[in-house]
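Reader: I have a structure in front of me. Please show me how to read a few of its features.
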Amino acid sequence: MKMNVKSSISLFAILIVLDLVFSSFTPHPHEDQADALITWKTSLSHFNITGALATWNTNTTSSHTTPYSPCKWQGIVCSHNGRVEKIQLGNEGLVGDLKNFNFSSFHDLSELQLSFNNLTGSIPPQIGKLKSLTYLGFSENKFHGLIPSTIRNLTNLLFLKLNGNQISGTIPNELFHLSQLQFLYLDNNRLVGSIAPSIGQIKSLRELDLSFNKLSGPIPTTLVNISILAVLAMQNNQINGSIPEEIGQMFQLRYLLLGSNQLVGSIPPSLGQLIFVSMLYLYDNKLTGPIPIELAHLTALDYLDLSSNQLTGDPRELICALPELISFNISHNMIEENSSLIYKGNLPKPPRLFRNGECVAANISRYLHTFDNSNINKRNCKDIIIIVLFSGTFILLVLFGVLLKRNTMKEIKSKWEGQ
C-alpha cells in the first residue's frame, strides 16, 4: 500500500516536471505573429530608421504581454485577445517585397496598410488567406504583375486600393465577387482589356476609379445596378462605344469622369437627370451632335469640360442656366466661331450678361482662342502690369503737378513780398 502511494506521488511529480519542461518549449500563442513580422522586417532592404519598424524587436515588454507580443510595436494594433488586428505602415520608407510575409499567421487581420512606400514584386496569391480583411491599401508602390485571383476570398473587404502601381493584365472577374466592397481604386496602373459586365454585382460600391490605364471596350450598362455609386472615374483609357443612356439612372453620382477615351455618338440627354453631379468630364473623345439642353438641369454642377470633341450647337442657354459653374470648357469643337454666340475658353467663371432680367452670353472675343487657365493667368498678369504702369505714371504726373504748383506759388509769394 505504501509502495503504491509512493509510486503515485513519484508519477505525479514526474508529470509536473514534464509539463514544465514542455511548456517552456511551447511558443506563446502570439509569438508566431511576432516572429512573422520580424522575419519580414529583416527581409526588407530599407525602412525609416526612426519610423515604426525601429520599435519592432523581441525585447519589447509590457505589463500584460509576453516579451514576444508585437502589440506594443508602432504600426501594430491588436485586438482585445492580443492578436494582431491592424498593420499600419503607410509612408514608412519600406523597400522590399512581400515574398517573406507570412500571411498564414494573420487570420484575424482586418487592415493591411502599406501605401506610399517602395514595395516591389507581385502581390502574392497567399493574400487570399486574410479572410478577415476589410481594408487593403497597397497604393503608390511599385507592385507589378497580375491581380491574384485569390482576392475573391477576401469577402469582407470594404476598401481595395491598388492605385499608383505597375499592375498589368486584366481586371479579374473574381474581384467582382466581393459583394461588400465599397471603394475600389485601380487607377494609374497598366491594366488592359474590357470591363466585364459582372462589375454590376458589386452593388455596395460607392467609388470606382479605373482611370489612367489601358482599358478598352464599352462602358458596361450593368453599372446602373450600382445604385449608390457616387464616383465613376474612367478617364485616360481607350474605352470605346457610346455613353450608355442607363448612366442617367445612376442618380447618386457626384463625379462622372470619362475624358480622354474613344467614346463616340452623342451626349445622352439622360445625363440631365444626374442632379447631384458636381463634375462632368467628357473631354477628348469623339462625341458628336449638339450639347443637350437637358444638362441645364444639373444645378449642382461646378466643373463641365466638353472640349476636344465634335460637338455643335449654341451653348448660350446652357451657360445661363448653370450660374454656379466654376469652370466651363467647350474649346476645340465644331461650334460656329461667332464670339457673340459662344463661350470658348476655360475661365474661373463663365462670363454672363443680364439684360432686362434675362441672361445672355457675353461677347468674349478676346478669349476665343484661350484654352487653359495658364494662358488666362498670363493675360491677367499682363493686364495687371499695364494697369499698374498707367496708374504709376498718372500718380507721378499728379505729384509733379502739385510740386510745380507749389514752386510757382512760392515764386509769386517771394516776388510779392519783395515789392
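Reader: Which strands do the buried residues of α2 pack against?

Author: This is a predicted model. In it, the buried residues of α2 pack against β1 (76–78) and β2 (84–88).

Reader: Which residues of α2 are buried?

Author: Buried means under 20% relative accessible area. In α2 that applies to Glu31, Gln33, Ala34, Ala36, Leu37, Trp40 and Lys41.

Reader: What span should helix α2 have?

Author: Take 1.5 Å times one less than the number of residues. Helix α2 covers residues 31–43, which is 13 residues, so the expected span is 18 Å. Its end C-alpha atoms lie 18 Å apart, and that agrees.

Reader: How many disulfides are there?

Author: Look for a pair of cysteine sulfur atoms within 2.5 Å. That rule gives 1 disulfide. The partners are Cys71 and Cys78, with sulfur atoms 2.2 Å apart.

Reader: Is the link of Cys71 and Cys78 left-handed or right-handed?

Author: Read the angle about the S-S bond. For Cys71 and Cys78 it is -95°, and the link is left-handed.

Reader: Are Cys71 and Cys78 buried or exposed?

Author: Cys71 is buried, and Cys78 is buried too.

Reader: Now a loop. Where is Thr222 found?

Author: Locate the strands on either side. Thr222 sits in the loop between β13 (214–217) and β14 (231–233).

Reader: Which residues does Thr222 touch?

Author: Leave out residues up to four places away in sequence; Thr222 then touches Pro197, Ile199 and Gly200. Check Ser198 as well. Ser198 and Thr222 are 24 residues apart along the chain, yet 7.4 Å separates their C-alpha atoms.

Methods. Residues numbered from 1 in each chain as written. Predicted model: local features only at pLDDT ≥ 70, side-chain atom pairs only at ≥ 80, totals over all residues. Heavy atoms only, no water. Helix = DSSP H or I, 4+ residues; strand = E, 2+ residues; numbered from the N terminus. Contact = heavy atoms within 4.5 Å. Buried < 20%, exposed > 50% of the residue type's maximum accessible area, 1.4 Å probe, protein only.
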